[in-house]
Amino acid sequence: MSKSIEELKSLTTQIRRDILRMVHAVNSGHPGGSLGCTEYFTALYGKVMNYHLPFTMEGKNEDHFYLSNGHISPVFYSTLARFGFFPVQELSTFRKLDSRLQGHPTTHEGLPGVRVASGSLGQGLSVALGVAQGKKLDGDSSLVYSLHGDGELQEGQVWEAFMYAAAKKVDNIISTIDYNGQQIDGSTDNVLSLGNLHAKLEAFGWTVLEEKNGNDLEAVIAILEKAKTETGKEKPVAIILHTEMGYGVDYMMGTHAWHGKAPNDEQLETAFKQLYLEAPADY
């Protein structure tokens with residue numbers, strides 16, 4: 001059953017609670033980027049993407065999603081669980097021995113919703129392009145979505161893939177860049193500036209959309225829906241989505257400090273007070 005915008009907004013809060021609970025339990029993981037991308041994942045799985053359950057690896061005649069910056073697995077896992085791919089209770093196994101929910105998504109555990117191992121930055125776009133071309137060869141008109149970190153764009157393979165996509169007119173892909181301006185060692189501007197990313201992507205032959213309010217659920221849904229109207233025009237489509245790392249938890253926002261750091265007991269309690277739900281469905 002389709003969820004209303006208000007239901008999806010509540011779900012973003014629940015997903016944020018899941019993220020923090022997961023990384024806190026094992027004192028390991030990446031909460032910052034996960035919190036910042038929650039609206040994107042909720043929009044994608046809650047309104048925009050066409051997919052079927054039960055999950056199949058082939059996913060014929062349905063949209064596919066590929067997470068390139070695999071370290072934000074907590075938001076990916078929570079979203080998949082909350083949308084029925086696997087039981088919510090399994091989130092409690094995150095990063096534990098023999099868990100299907102490893103720190104970076106992998107396929108050999110057979111976790112529904114995961115079609116490729118990710119985490120080695122810079123590779124996700126190449127994978128997504130291969131799938132997009134495969135769909136065209138199969139006569140499958142479905143779309144392929146991918147997500148990338150802005151710091152990840154410092155990898156050379158990404159730019160080879162950007163160039164390839166335009167040269168081969170792969171127009172059934174929508175690639176989103178999580179543009180939060182932060183990476184593990186500091187701000188992207190200080191580590192290695194991306195310069196005018198919009199102009200660079202256009203120069204590489206992409207149709208480029210940009211959304212400044214990447215933590216506004218309705219704005220994210222709107223930009224994704226707009227991107228869909230730009231597919232099928234012999235050009236790949238990119239979205240530069242401005243988000244805030246750590247969004248929703250005041251002491252985590254706007255800093256790289258929580259890129260890969262878990263909250264302690266007191267910090268978790270503080271965060272839950274900020275992520276208030278009248279009737280939380282915590283696992």
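## A partner in the loop before β7

Glu234 has a relative accessibility of 49% and therefore counts as partly exposed (the class between buried, under 20% relative accessible area, and exposed, over 50%, with a 1.4 Å probe and protein chains only). This is a predicted model, in which local features need pLDDT of at least 70 and side-chain atom pairs pLDDT 80 or more, while totals for chains, interfaces and linings use all residues. Residues are numbered from 1 along each chain as its sequence is written, and side-chain values use heavy atoms, without hydrogens or water.

Which residue forms a salt bridge with Glu234? Lys169 does, and the closest N and O atoms of the two are 3.8 Å apart (a salt bridge puts a side-chain nitrogen of Lys or Arg within 4 Å of a carboxyl oxygen of Asp or Glu). Lys169 sits in the loop between α6 (156-167) and β3 (173-179), and Glu234 in the loop between α9 (217-229) and β7 (237-242), so this pair ties together parts that are 65 residues apart in sequence. Helices (H or I, at least four residues) and strands (E, at least two) are DSSP runs, numbered from the N terminus. Like its partner, Lys169 is partly exposed, here with 44% relative accessibility.

## A buried bridge between helices

Now to a pair with little accessible surface. Glu39 and Arg16 join their side chains in a salt bridge, with an N to O distance of 2.7 Å. This contact links distant parts of the chain: Glu39 belongs to helix α3 (residues 38-48) and Arg16 to helix α1 (residues 5-26), with the two residues 23 apart.

Are these two residues buried or exposed? Glu39 is buried, at 4% relative accessibility. Arg16 also has 4% relative accessibility, so Arg16 is buried as well.

## A bridge within the α4 to α5 loop

Arg100 and Glu90 make another salt bridge, and their closest N and O atoms lie 2.7 Å apart. Both residues are in the loop between α4 (73-82) and α5 (124-137), ten residues apart.

The accessibility of the partners is worth a look here. Arg100 is partly exposed, with a relative accessibility of 26%. Glu90, in turn, has a relative accessible area of 16% and therefore counts as buried.

## The whole set

How many salt bridges does a search of the whole structure find? It finds 14 salt bridges, among them the Glu39 and Arg16 pair, the Arg100 and Glu90 pair and the Lys169 and Glu234 pair.
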